[in-house]
Amino acid sequence: MIKEKRKSKFIITNRKVLLIIFILSAFYNGLIVKNYKIRTDKILDSHSIRIVLISDLHSHVYGKNQSKIINKIKKQNPDIIALAGDIADDMVPIEGTKLFLEGIKDIAPIFYVTGNHEIWTDEVDYIKEVFKSFNIIVLENDYRKVDINGVELVMAGVDDPDIIKYERPQSNWNEEIYKSFSNIEDVSGYKVLLSHRPEAVDFYNSLPFDMVLSGHSHGGQVRIPFILNGLFAPNQGFFPKYAGGVYEQENYTHIVSRGVSFNPRLPRIFNPPEIVVIDIQGQ
C-alpha cells in the first residue's frame with residue numbers, strides 16, 4: 001500500500017515537472033539563432049558569405065542599450081546585415097531602434113528596407129534619415145553591387161507596398177518594381193532581394209533574383225513543433241504557408257524570418273524571437 005502511494009506521488013510529481021517544462025518551453029521568449037545553409041553554383045566552390053537577417057524589431061529593447069541582441073549578432077561574424085522591415089514601429093518610440101542601430105553600425109555593411117509599420121508612422125522619410133545617419137544603406141526600389149570576400153553580391157530592396165497607399169495612390173507597386181529592376185538581370189553576381197512581405201511569392205518568381213529575404217509573419221505567432229508552423233500571420237490569415245523558414249520557389253530561395261518582436265500582450269508560443277544566419281556557399 002505504501003509503495004503504491006509513493007508510486008502515485010512520483011507519477012504526479014513527474015507530471016507536474018513535465019507540465020512546467022512544457023509551459024516554460026512554450027512561452028520562452030529569449031533570442032535564438034536560426035542557421036540556414038544555401039548552396040549555389042553562382043559562387044565559386046571555395047567562397048561563401050554570411051548574412052544575418054533581422055526583421056520586425058518594432059523598437060523592442062533587449063537588455064541595456066540593446067546589448068543582448070547586439071552581442072548575439074556580433075558573435076555570428078556576419079559579412080552583411082540585412083534589415084527586412086518593421087525595425088521601427090508606429091506605436092512605439094523610436095529610441096529602441098536608434099540604440100539598436102548604434103550598436104550594430106560598425107559590425108558589417110547594413111542594408112535596410114521599410115516594413116508596413118514604418119510606413120504607418122506617416123514619418124517614413126524621417127525614419128529613413130535616421131537609418132542613413134548610422135551609415136546604413138536604405139534600399140528604395142534599387143540595388144547596390146558589393147564585393148565581399150571575393151563574392152560578387154547584388155543587394156536589392158523594395159519599399160513596403162503600403163507606401164503606395166500612403167504616398168503614391170496613383171501608382172502601382174508591382175509596376176514600380178518591374179521598372180526599377182528591368183536591367184538587373186544583366187548585372188553579374190548573386191542577387192538578393194529584401195522585401196518585407198513574404199506572401200508575394202508569385203510576384204517574386206517573376207523577378208530575376210536568386211534569393212528573397214522577408215519578415216512580417218512573426219512566425220505565425222503560435223506554433224506546434226512538427227505539426228503547425230504558424231497559426232496566424234498578417235496578410236496570410238490563419239495557417240499561413242510562409243510563417244518562417246526556407247522555401248524553395250521556382251526561380252529563387254525564399255527565407256522568411258520569424259522576427260525578433262516581443263509583445264507581452266500578444267505572446268509567442270513555441271515561437272521565440274529569432275536572429276537568422278544565412279550561409280551562402282559556392283558549389
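Tyrosine 126 is partly exposed in this predicted model, with a relative accessible area of 41%, a value between the 20% and 50% cut-offs and therefore neither buried nor exposed. Tyrosine 126 belongs to helix H5. Leaving aside residues up to four places away in sequence, its contacts are Ile94 and Lys98. The chain around it has 8 helices and 14 strands, and 52% of its 283 residues count as buried.

**Helix H5**

- Helix H5 spans residues 124-133, and its buried residues are Val124, Ile127, Lys128, Val130 and Phe131.
- Viewed down the axis of H5, these buried residues stay within an arc of 155 degrees, so they line one face of the helix.
- Asp125 and Ser133 are exposed on the other side of H5.
- The cover over the buried residues of H5 includes three strands, S3 (80-83), S4 (110-112) and S5 (137-138).
- Helices H3 (95-104), H4 (116-120) and H6 (162-167) are also among the elements that cover the buried residues of H5.
- The loop between H4 and H5 holds aspartate 122.
- Aspartate 122 has a positive phi, near 65 degrees, and is not a glycine.
- With a relative accessible area of 61%, aspartate 122 is exposed, because the cut-off for exposed is over 50%.
- Asparagine 135, just after H5, has a positive phi of about 60 degrees.

**Helices H2 and H7**

- Ile69, Ile70 and Ile73 are buried in H2.
- The buried residues of H2 fall within an arc of 100 degrees when seen down the helix axis, so they line one face.
- An α-helix has 3.6 residues a turn, so residues three or four places apart point the same way.
- Lys68 and Lys75 are exposed on the other side of H2.
- Among the elements that cover the buried residues of H2 are S2, S3, H3 and strand S14 (274-282).
- Just after H2, asparagine 77 has a positive phi of about 50 degrees.
- In helix H7 (residues 173-180), the buried residues are Trp173, Glu176 and Ile177.
- Because these residues cover an arc of only 95 degrees around the axis, they are on the same side of H7.
- Glu175 and Lys179 are exposed on the other side of H7.
- H6 and helix H8 (201-205) are among the elements that cover the buried residues of H7.

**Aspartate 86 and histidine 58**

- Aspartate 86 is located in the loop between S3 and H3.
- A relative accessible area of 1% makes aspartate 86 buried.
- Beyond residues up to four places away in sequence, aspartate 86 touches Asp56, Leu57, His58, Thr114, Gly115, Asn116, His117, Glu118, His196 and His216.
- The C-alpha atoms of aspartate 86 and aspartate 160 are 9.6 Å apart in space, while the two residues are 74 residues apart in sequence.
- Histidine 58, one of the residues that aspartate 86 touches, lies in the loop between strand S2 (48-54) and helix H2 (67-75).
- Histidine 58 counts as buried at 12% relative accessibility.
- Although histidine 58 is not a glycine, its phi is positive, at about 55 degrees.
- Most residues other than glycine have a negative phi.

**The largest pocket**

- The largest pocket holds about 530 Å³ of space.
- It is lined by 27 residues, of which His58, His218, Ser261, Asn263 and Leu266 are the closest to the centre of the pocket.
- The lining of the largest pocket is made up of 10 nonpolar, 12 polar and 5 charged residues.

**The chain as a whole**

- The radius of gyration of the chain is 21 Å, which agrees with the value near 19 Å for a compact globule of 283 residues.
- Along the principal axes, the C-alpha atoms of the chain fill a box of roughly 80 × 45 × 35 Å.
- Among contacts in the chain with a separation of 6 or more, 70% are between residues 24 or more positions apart.

Terms used. Residues are numbered from 1 along each chain as its sequence is written. This is a predicted model: local features need pLDDT of at least 70, side-chain atom pairs count only at pLDDT 80 or more; totals for chains, interfaces and linings use all residues. Side-chain values use heavy atoms; hydrogens and water are left out. Buried means under 20% relative accessible area, exposed over 50%, partly exposed in between (1.4 Å probe, protein chains only). Helices (H or I, at least four residues) and strands (E, at least two) are DSSP runs, numbered from the N terminus. The arc is that of the directions from the helix axis to the C-beta atoms. Contact means heavy atoms within 4.5 Å. On a 1 Å grid over the protein atoms alone, a cavity is a set of points where a 1.4 Å probe fits but cannot get out, and a pocket is an open set with protein on both sides within 12 Å along at least five of seven lines; lining residues have an atom within 4 Å of a point. Grid points are joined across faces, edges and corners, and a volume is the space filled by probe spheres set on the points. Ala, Val, Leu, Ile, Met, Phe, Trp, Tyr, Cys and Pro count as nonpolar, Asp, Glu, Lys and Arg as charged, and the others, Gly among them, as polar. The radius of gyration is taken over C-alpha atoms; the globule rule is 2.2 Å times the number of residues to the power 0.38.
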